[in-house]
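Please find below a short note for your consideration, arranged as numbered points.

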Amino acid sequence: MVGVAVCSSVSSIKALWETRIRRWKEEKGEEEELSLGVWEDRATLARLKQKLQTEDGRLVLRIEQEEWETLPGCLVQFSQVQEWQIHRTGLQKIPHFISSFQNLLVLDLSRNGVTEIPRQIGKLTRLRELLLSYNRVQFVPEELSSCESLERLELAMNRDLDHLPDQFRNLKKLQHLDLSMNDFTCLPDCVVALPVLEWLDMGGNRLQHLPEDIDRMEKLHTLWLQRNELEKLPDCISRMASLDTLVLSCNKLRDIPPLMEDMSNLRFVNFRDNPLTLDVTLPYDREMFGREFIVRCAQHALIDCIKMNLYLISNKS
């Protein structure tokens with residue numbers, strides 16, 4: 001019995017020490033992993049710190065042509081950055097911690113692989129420019145309308161983008177909007193309602209008509225509509241007093257609204273590669289309308305010149 005008791009006691013002590021050793025190894029392993037994680041963060045932060053530049057008094061994070069498919073969470077330690085310039089890195093998503101960058105004025109992620117704009121973007125109330133051209137964005141969240149300071153938005157060449165939330169009209173300071181080379185079939189009403197929009201590019205979409213109240217865009221001075229499917233222009237376009245540049249090349253237009261003859265504000269117009277019937281004569285010395293239109297105008301000018309010469313000759317006689 002004594003031998004059994006001693007054996008049992010030895011087994012218990014052995015099991016106790018085995019348990020303690022196992023726990024010690026586990027704790028040490030966790031500490032090593034934690035320590036490794038800390039060193040990795042430090043290395044990443046050191047690498048990111050090299051990407052910081054000061055330009056015009058603004059702290060800029062610039063990463064170009066490197067592999068950064070994701071951005072590390074430790075980046076929030078640079079929350080004072082005012083501008084991101086991240087191009088051709090293969091970036092696939094805008095991290096949710098973007099909301100930590102309250103000082104951000106410019107977010108330029110052009111030419112990456114971003115597929116969505118996170119809802120957290122709405123917390124960047126000081127953001128002035130959001131540039132996401134040549135990505136894969138298919139959806140614009142309504143939270144973007146909370147970026148009340150936004151002045152410039154570029155979403156060109158996202159291809160499948162065909163809709164904007166109605167709340168988009170709340171961007172009261174937006175002046176420059178590029179929606180070219182996407183899949184819009186109409187000019188969204190929320191865009192027409194933007195109060196201070198001055199520059200709009202919707203070239204390379206599938207627009208089939210323009211809104212009958214497009215003249216609500218009182219501040220618009222530049223409108224690019226090339227490579228769409230427009231067959232006519234609304235007469236109200238003649239009431240767009242600020243419009244001085246209108247590009248309509250490569251559409252299906254046959255006629256130009258007669259009222260456009262009185263648009264003295266126009267300085268550059270391009271109707272190239274449209275099947276125009278040329279029922280309207282516009283001032284050819286100030287604007288460009290494509291080869292056919294220019295030829296027709298030149299013919300009219302030649303005829304007028306000949307008439308004037310004949311008149312002068314007859315008066316001399």
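The points below concern a predicted model and take up its central strand pairing, its salt bridges and its cysteines.

1. Strand β3, residues 83–87, deserves attention at the outset. Five of its five residues are buried, so the strand is largely enclosed by the rest of the structure. Glu 83, Gln 85 and His 87 point one way from β3, while Trp 84 and Ile 86 point the other way. In a regular strand, side chains alternate between the two faces of the sheet.

2. β3 has pairing partners in β2 and β4. Strand β2 (residues 58–64) runs parallel to β3 and is joined to it by five bridges. With strand β4 (residues 106–108), β3 pairs over three bridges, again in the parallel sense. Trp 84 figures in both registers: Leu 61 stands opposite Trp 84, and Trp 84 in turn stands opposite Leu 107 in β4.

3. The β2–β3 pair also carries a side-chain contact. Arg 58 and Glu 83 meet in a salt bridge, with an N to O distance of 2.9 Å. This contact links distant parts of the chain, since Arg 58 belongs to strand β2 and Glu 83 to strand β3, 25 residues apart. The two partners differ in burial: Glu 83 is buried at a relative accessible area of 10%, whereas Arg 58, at 23%, counts as partly exposed.

4. The count of salt bridges in the model comes to 13. Among them is the pair of Asp 183 and Arg 206, whose side chains meet at 2.8 Å, N to O. Asp 183 lies in the loop between β7 and α2 and Arg 206 in the loop between β8 and β9, so the pair ties together parts that are 23 residues apart in sequence. Both are partly exposed, Asp 183 with a relative accessible area of 24% and Arg 206 with 34%.

5. A further salt bridge joins Glu 154 to Arg 152, the closest N and O atoms being 2.8 Å apart. Here Glu 154 counts as buried, at 14% relative accessibility, while Arg 152 is partly exposed at 29%. Separately, a network of salt bridges links Asp 166, Arg 169, Asp 189, Asp 213 and Arg 216.

6. How many disulfides does a search of the whole structure find? The search finds zero. Cys 190 is in no disulfide, and the nearest cysteine sulfur, that of Cys 186, is 9.3 Å away; a disulfide would require the two sulfur atoms to be within 2.5 Å. Cys 190 is buried at 3% relative accessibility, whereas Cys 250 is partly exposed at 34%.

Methods. Residues are numbered from 1 along each chain as its sequence is written. This is a predicted model: local features need pLDDT of at least 70, side-chain atom pairs count only at pLDDT 80 or more; totals for chains, interfaces and linings use all residues. Side-chain values use heavy atoms; hydrogens and water are left out. Buried means under 20% relative accessible area, exposed over 50%, partly exposed in between (1.4 Å probe, protein chains only). Helices (H or I, at least four residues) and strands (E, at least two) are DSSP runs, numbered from the N terminus. Two strands pair if DSSP finds at least two bridges between them. A salt bridge is a side-chain nitrogen of Lys or Arg within 4 Å of a carboxyl oxygen of Asp or Glu.
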